[in-house]
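The following exercises are to be worked with the sequence and the model at hand. Each task is followed by a stepwise solution.

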Amino acid sequence: MSTTATTTSIPGLMDEVFIVLDENDKPIGNLSKKICHLMTNIERGLLHRAFSVFLFNSKNELLLQQRATEKITFPDMWTNTCCSHPLGIPSETGIDLQESLMGVKRAAQRKLDQELGVNAALVPIENFNFLTRIHYKAASDGRWGEHEIDYILFIKADVDLLQPNLNEVRETKFVTADYLRSMFNDSNLKFTPWFKLICNSLLFEWWERLDRGLEKYMNEEEIRRM
């Protein structure tokens, strides 16, 4: 795999408008990224929509990223391929599950390009597989944290030339399931809380059925509370 780093920054990133939710994933408003990630607001119940992409190559290796040091939440931690948020704009917002899912897939395509330089043509909307949603809350430090309903998306694609945005991503690597398990045993490595939750619940079971039998796990309507 070849990697070419970029340092393109995203103007006004903290002012991006997120989709604020009730506990049933229904939009109730829009607020800035900064407001949504402040622990003072999270402790009052502020909840927003997110997604986590798991991209596998043709060898069924999972692409991981190490988050950039500059990230306000969970810097330098290893996580799944891409973790981000749909914006409070018509093309990425939805009310019912199917509308919301289409918005999340569009956002996933956008962020794979923005964070890793993955061209949209390599990750067409129809190739994203939706598994489930998880609802979790986690503090990053005393000031910042996450409180999300997180859509879990799988996709298979061979992306040989990555161009990670160094303001978002510090490092990338493709791993097998066994190698990922060994990473968890390394006390020097840290992992994002949502990634650990997913790994400790169903990731490895899903992974084993990536090419055969994944359908029975897909399109779950119930939100998993973690």
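Two strands pair if DSSP finds at least two bridges between them. Helices (H or I, at least four residues) and strands (E, at least two) are DSSP runs, numbered from the N terminus. The model is predicted: local features need pLDDT of at least 70, side-chain atom pairs count only at pLDDT 80 or more, and totals for chains, interfaces and linings use all residues. Residues are numbered from 1 along each chain as its sequence is written, and side-chain values use heavy atoms, with hydrogens and water left out.

**Exercise 1.** Describe the strand pairing around S9 (residues 145–156).

*Solution.*
1. Strand S4 (residues 48–56) runs parallel to S9, and 9 bridges join them.
2. Within this pairing, Asp-150 of S9 stands opposite Ala-50.
3. Strand S8 (residues 129–139) pairs with S9 in the antiparallel sense, over 9 bridges; here Glu-146 is the bridge partner of Ala-138.
4. The connection from S8 to S9 is a hairpin of 5 residues.
5. Of the 12 residues of S9, 11 are buried (under 20% relative accessible area; exposed is over 50%, partly exposed in between; 1.4 Å probe, protein chains only).

**Exercise 2.** Compare the span of helix H5 (residues 193–208) with the expected value, and locate its bend.

*Solution.*
1. The expected span is 1.5 Å times one less than the number of residues.
2. For the 16 residues of H5 this gives 22 Å, and the end C-alpha atoms are 22 Å apart, so the two agree.
3. H5 nevertheless bends by about 60° at Leu-202, the bend being the angle between axes fitted to the seven residues ending there and the seven starting there.
4. Among the buried residues of H5 are Trp-194, Leu-202, Leu-203 and Trp-206.

**Exercise 3.** Identify the residues that touch the most other members of the largest nonpolar core, and the element that supplies its largest share.

*Solution.*
1. A nonpolar core is a set of buried Ala, Val, Leu, Ile, Met, Phe, Trp, Tyr and Cys residues joined through side-chain atoms within 4.5 Å.
2. The largest such core has 30 residues, of which Phe-154, Leu-180 and Leu-203 touch the most other members.
3. At least two residues each come from S4, strand S5 (62–67), S8, S9, helix H4 (177–184) and H5.
4. H5 gives the largest share, 9 residues.
5. Beyond its neighbours within four places in sequence, Phe-154 has contacts (heavy atoms within 4.5 Å) that include Phe-54, Leu-131, Leu-203 and Trp-206.
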